[in-house]
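Work through the exercises below with the structure in view. Try each task before reading its solution.

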Amino acid sequence: MTVLLKFDSKIKSYRILGPSLFVNQANKYLCYCDLRNLSVLTIRSYGHDLVSLIRWLLFMSIETLENFQSLDLLHFIAYLKEEGLHANSINHRFSTAVVFYQFIFGVKPKIPFSGITQNKGSRCRYYRGRGSS
C-alpha cells in the first residue's frame, strides 16, 4: 500500500507508483501537466501533493472514485492541520487536490468554505492558519 513519487528517466518527468485507481488518475493528471509544458519541478511539486492526498484517501479507506466526495477535501485540510503543516503547505496541497478533483470529475468541488476566508484585495481564498479569526 505504499505510494511513491519517482522520476522516470525515459519520459524525463515524475510519475506516482502504487496500487490504486487514484494513482492511475494522478499519473494522467501529471501527463496532462507535461502536455501543458509545465516545469519538471512544478510537476514534482504537484506529484508530492498528490502522493499526500492519495495516501490519506487510502488511509481513510476511500479506494474508489465513487467514494471520493468533495467534502473529503475539507477533511483532508483538517488532517494536514492536525499533522502540523504550515498554512502555506496546506494551501498548496489543497489547491492541487481541488484541481485534481476537477480533473477527475470535470467539475469544481462544492465545498462549504467555513474556516476559509478571502484575503482583502485578493480573489483567492486561503486558509488563515492556526488561531486566526
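Helices (H or I, at least four residues) and strands (E, at least two) are DSSP runs, numbered from the N terminus. The model used here is predicted.

**Exercise 1. The order of elements**

Task: State how many helices and strands the chain has, and in which order the elements run from the N terminus on.

Solution:
- Step 1. The chain contains 4 helices and 4 strands.
- Step 2. Read from the N terminus on, the elements run β-β-α-α-α-α-β-β.

**Exercise 2. Helix 1 and helix 2**

Task: Decide whether helix 1 and helix 2 are roughly parallel or roughly antiparallel, and describe their contact.

Solution:
- Step 1. Two packed helices are described by the angle between their axes and the distance between the axes.
- Step 2. Helix 1 covers residues 21-35 and helix 2 residues 40-59; they pack at an angle of about 165°, with axes 11 Å apart.
- Step 3. Angles over 145 degrees count as roughly antiparallel, and helix 1 and helix 2 are therefore roughly antiparallel to each other.
- Step 4. Helix 1 makes a right-handed crossing with helix 2.
- Step 5. Helix 1 contributes F22, V23, A26, Y29, L30, C33 and D34 to the contact, while helix 2 contributes I43, Y46, G47, L50, I54 and L57.
- Step 6. Sorted by class, the residues of this contact are 11 nonpolar, 1 polar and 1 charged.

**Exercise 3. Helix 3 and helix 4**

Task: Repeat the analysis for helix 3 and helix 4: how are they oriented to each other, and which residues make the contact?

Solution:
- Step 1. The angle between helix 3 and helix 4 is about 160°, and their axes lie 10 Å apart.
- Step 2. Helix 3 and helix 4 are therefore roughly antiparallel to each other.
- Step 3. Their crossing is right-handed.
- Step 4. On helix 3 the contact residues are L73, F76, I77, L80 and K81; on helix 4 they are I90, R93, F94, A97, V98 and Y101.
- Step 5. This contact has 9 nonpolar, no polar and 2 charged residues.

**Exercise 4. The nonpolar core**

Task: Find which element gives the largest share of the largest nonpolar core, and list the contacts of F68.

Solution:
- Step 1. The largest nonpolar core has 34 residues, and I16, I54, F68 and L73 have the most contacts inside it.
- Step 2. Two or more core residues come from each of strand 2 (13-17), helix 1, helix 2, helix 3 (71-82) and helix 4 (87-105).
- Step 3. Helix 2 gives the largest share, 8 residues.
- Step 4. Setting aside neighbours within four places in sequence, F68 is in contact with F22, L57, I62, L73, Y101, I104 and F105.

Conventions: Residues are numbered from 1 along each chain as its sequence is written. This is a predicted model: local features need pLDDT of at least 70, side-chain atom pairs count only at pLDDT 80 or more; totals for chains, interfaces and linings use all residues. Side-chain values use heavy atoms; hydrogens and water are left out. Axes are lines fitted to C-alpha atoms, for helices over the stretch in contact, and angles run from 0 to 180 degrees between N-to-C directions. Angles under 35 degrees count as roughly parallel, over 145 as roughly antiparallel, 65 to 115 as roughly perpendicular and the rest as oblique. A crossing is left-handed if the near helix is turned anticlockwise from the far one by less than a right angle, and right-handed if clockwise. Contact means heavy atoms within 4.5 Å. Ala, Val, Leu, Ile, Met, Phe, Trp, Tyr, Cys and Pro count as nonpolar, Asp, Glu, Lys and Arg as charged, and the others, Gly among them, as polar. A nonpolar core is a set of buried Ala, Val, Leu, Ile, Met, Phe, Trp, Tyr and Cys residues joined through side-chain atoms within 4.5 Å. Buried means under 20% relative accessible area, exposed over 50%, partly exposed in between (1.4 Å probe, protein chains only).
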